[in-house]
Amino acid sequence: MSPVSKEVEISKYNLDQEKLKKLEEYIDGLEVKEGELINILHEAQDIFGYLPEELQLFISRKLGISAAKVFGVVTFYSFFTMEPKGKHVISVCMGTACFVKGADKILNEFRKLLNIKEGSSTEDGMFTIDTLRCVGACGLAPVVIVDGKVFGRVKVEDVQNIIKQYSTEDALVGSK
Ligand code: FES
């Protein structure tokens with residue numbers, strides 16, 4: 001079997017060293033084949049929250065493959081992001097059932113109130129808006145998921161309250 005991964009000096013990277021170590025351990029534990037790249041990128045995104053260029057460079061050196069190849073995969077799949085995510089991730093389901101029930105209007109309201117487009121984050125790093133394909137809760141359409149919590153039968157008027165709820169929770173935690 002070919003060597004699993006290359007020796008790379010992680011201190012050279014201007015990235016969180018603890019996180020980088022965790023990723024390195026994960027990679028070292030694999031019998032790396034090219035087909036594992038997607039899994040490694042998933043793991044890296046789970047650990048770091050996003051895939052900045054330097055992290056992609058680290059992965060390419062560690063696997064002994066070109067940075068262009070890693071970049072190509074990251075930009076090809078929409079579930080990979082090169083932008084840091086906000087503290088709260090708002091995902092609007094755009095599957096057919098949700099769309100029919102007005103998911104686009106819900107999405108527009110989030111966009112308008114937070115002043116960002118889907119795939120991006122507010123300047124204060126509080127919120128990110130994302131879209132999803134059917135999440136399997138069509139009976140609750142239209143569905144919005146915030147940090148893994150499902151909101152069903154969401155109306156345009158609810159959007160402001162959802163945002164407020166998460167802004168207020170942070171204010172309460174901050175004042176404790
Ligand atoms: S289409 Fe949104 S949950 Fe199925």
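Where in the chain is the place of Asn115? In this structure, which is a predicted model, Asn115 sits in the loop between helix 6, covering 103–114, and strand 2. I would like to begin there and then go through the backbone before turning to the pocket.

Most residues other than glycine have a negative phi, and most peptide bonds are trans. Against that background, Asn115 is worth a look, as its phi is positive, about 60°, although the residue is not a glycine. On the question of whether this residue is buried or exposed, the relative accessible area of Asn115 is 68%, and because the cut-off for exposed is over 50%, Asn115 counts as exposed.

A positive phi also turns up at Arg153, again a residue other than glycine, with a value near 45°; Arg153 belongs to the loop that runs between strand 4, residues 149–151, and helix 7, residues 156–175.

The next backbone feature concerns a peptide bond, namely the one joining Ala141 and Pro142, which is cis, with an omega of about -5°. Pro142 is placed in the loop between strand 2, residues 127–132, and strand 3, residues 144–146.

Let me now move to the pocket. The largest pocket has a computed volume of about 420 Å³, and 16 residues line it. Which of these lie nearest its centre? They are Ser78, Phe79, Lys85, Asp130 and Thr131. Taken by class, the lining of this largest pocket is made up of 5 nonpolar, 6 polar and 5 charged residues.

Technical notes
Residues are numbered from 1 along each chain as its sequence is written. This is a predicted model: local features need pLDDT of at least 70, side-chain atom pairs count only at pLDDT 80 or more; totals for chains, interfaces and linings use all residues. Side-chain values use heavy atoms; hydrogens and water are left out. Helices (H or I, at least four residues) and strands (E, at least two) are DSSP runs, numbered from the N terminus. Buried means under 20% relative accessible area, exposed over 50%, partly exposed in between (1.4 Å probe, protein chains only). On a 1 Å grid over the protein atoms alone, a cavity is a set of points where a 1.4 Å probe fits but cannot get out, and a pocket is an open set with protein on both sides within 12 Å along at least five of seven lines; lining residues have an atom within 4 Å of a point. Grid points are joined across faces, edges and corners, and a volume is the space filled by probe spheres set on the points. Ala, Val, Leu, Ile, Met, Phe, Trp, Tyr, Cys and Pro count as nonpolar, Asp, Glu, Lys and Arg as charged, and the others, Gly among them, as polar.
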